[in-house]
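Dear colleague,

Please find below the structure that I am handing over to you. My notes on what was found in it follow directly after.

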Amino acid sequence: MPAATRRPRGAPRQLLLDAARTLFARQDYRSTTTREIAQAAGVTEHLLFRHFGSKAALFREALVVPFTSFVDEFGRTWQSVIPEETDEEELAGHFVGQLYDVFVEHQGLLLTLMASEALSEAEKAEAGIADIRRAIRVLGRISAEGMNLRGMRSNHPDLPAHSTVAMIAGMAALRSAYFGTRQPSRKVIVEELVQAILHGFLHRHE
């Protein structure tokens with residue numbers, strides 16, 4: 001009788017993360033159960049709790065941490081920027097491209113954010129919504145600093161950051177609805193978003 005095949009060390013944890021990302025992308029946070037995630041991962045529910053402790057902790061690691069980690073990394077990049085030596089479009093392209101990829105790969109985050117008004121305050125706290133808001137505040141600060149560097153003033157300097165994130169998130173979430181099976185390439189989508197963000201739709205480089 002052949003010996004049972006053992007999973008590589010760490011495999012159950014990764015299987016659970018992958019299954020969680022897939023299921024949260026189809027259903028919102030509240031509707032997805034730990035039993036469904038465990039079944040999709042091919043492991044026991046007990047193993048899920050052993051690795052993560054709760055559905056909320058699994059959601060945060062699978063979907064919230066990739067977003068907040070990206071923002072923290074970009075914040076460090078921004079702090080090292082020397083305006084006179086920085087290509088604005090290159091920096092914007094890095095930001096837009098990386099954030100677009102995060103949203104495409106973690107659609108469940110977008111779905112839960114859109115449904116977050118229906119969550120209780122306890123559920124929002126457990127799911128890490130406050131961490132997402134903190135990250136967006138970081139982007140708002142970067143937006144305000146960028147506007148100051150350009151000599152621009154606004155009564156709401158954080159709004160450009162919110163609008164930018166919303167535009168990138170919307171394209172990542174709705175690209176299939178917009179284009180069906182004939183979607184533009186990632187490169188084309190990112191370039192279009194960069195032009196819109198930096199120059200607006202009517203004041204852009206040819």
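I begin with a single residue: Thr 68 counts as buried, because its relative accessibility is 9% and the cut-off for burial is under 20%. Please keep in mind throughout that this is a predicted model. Thr 68 belongs to helix 4, which covers residues 55-79. When residues up to four places away in sequence are not counted, Thr 68 touches Asp 131, Ile 132, Arg 134 and Ala 135.

The overall architecture

The protein contains 10 helices and 0 strands, and its pattern along the sequence reads α-α-α-α-α-α-α-α-α-α. The C-alpha trace spans about 70 × 40 × 35 Å along its principal axes. Of the 206 residues, 40% count as buried. Taking contacts between residues at least 6 apart in sequence, 69% join residues at least 24 apart.

As for the surface, the protein exposes about 12,300 Å², and 54% of this area is supplied by carbon and sulfur atoms. There are 24 positive and 25 negative side chains, and 9 Å separates the centres of the two sets.

The nonpolar core

The largest nonpolar core has 55 residues. Within this core, the residues with the most contacts are Ile 37, Phe 67, Phe 95, Leu 99, Tyr 100, Phe 103 and Ile 168. Helix 4 provides the largest share of the core, with 11 residues.

Ile 37 is a useful place to look at in more detail. Leaving aside neighbours within four places in sequence, Ile 37 is in contact with Leu 16, Ala 19, Ala 20, Leu 23, Phe 24, Thr 32, Leu 48 and Leu 58. One of these partners, Leu 23, is found in helix 1, residues 11-26. Leu 23 is buried, because its relative accessible area is 10%, and the limit for a buried residue is under 20%. With neighbours within four places again left aside, Leu 23 is in contact with Thr 32, Glu 36, Ile 37 and Ala 40. Leu 23 and Gly 108 are 85 residues apart in sequence, and their C-alpha atoms are 7.5 Å apart in space.

Helix 5

Helix 5 spans residues 88-105 and has 18 residues. From its first C-alpha to its last, helix 5 reaches 26 Å, close to the 26 Å expected at 1.5 Å a residue. The buried residues in helix 5 are Leu 91, Ala 92, Phe 95, Val 96, Gly 97, Leu 99, Tyr 100, Val 102 and Phe 103. They pack against helix 4, helix 6 (107-114), helix 8 (129-149), helix 9 and helix 10.

Helix 8 holds Val 138. This residue is buried, because its relative accessible area is 17%, which is under the 20% limit. Val 138 and Ala 161 lie 23 residues apart in sequence and 9.3 Å apart in space, C-alpha to C-alpha.

Helix 10

Helix 10 runs over residues 186-199 and has 14 residues. Its reach from first to last C-alpha is 20 Å, close to the 20 Å expected at 1.5 Å a residue. Which residues of helix 10 are buried? They are Ile 189, Val 190, Leu 193, Val 194, Gln 195, Ala 196, Leu 198 and His 199. The cover over these buried residues includes helix 5 and helix 9, the latter spanning residues 159-179.

Val 188 also sits in helix 10. Val 188 is partly exposed, because its relative accessible area is 44%, and this class lies between 20% and 50%. The C-alpha atoms of Val 188 and Ala 38 are separated by 37 Å, and the two residues are 150 residues apart along the chain. After helix 10 comes Gly 200, with a positive phi near 75 degrees.

Where to begin

When you open the model, Ile 37 and its contact with Leu 23 may serve as one entry to the core. Helix 5 may serve as another, as its buried residues pack against helices that include helix 4 and helix 10.

With kind regards

Note on methods:
Residues are numbered from 1 along each chain as its sequence is written. This is a predicted model: local features need pLDDT of at least 70, side-chain atom pairs count only at pLDDT 80 or more; totals for chains, interfaces and linings use all residues. Side-chain values use heavy atoms; hydrogens and water are left out. Helices (H or I, at least four residues) and strands (E, at least two) are DSSP runs, numbered from the N terminus. The expected span of a helix is 1.5 Å times one less than its number of residues. Buried means under 20% relative accessible area, exposed over 50%, partly exposed in between (1.4 Å probe, protein chains only). Contact means heavy atoms within 4.5 Å. Accessible areas come from the Shrake-Rupley method with a 1.4 Å probe; for residues, only the protein chains shown count as cover. Lys and Arg count as positive and Asp and Glu as negative; His and the chain ends are not counted. The place of a charge is taken as NZ of Lys, CZ of Arg, CG of Asp or CD of Glu. A nonpolar core is a set of buried Ala, Val, Leu, Ile, Met, Phe, Trp, Tyr and Cys residues joined through side-chain atoms within 4.5 Å.
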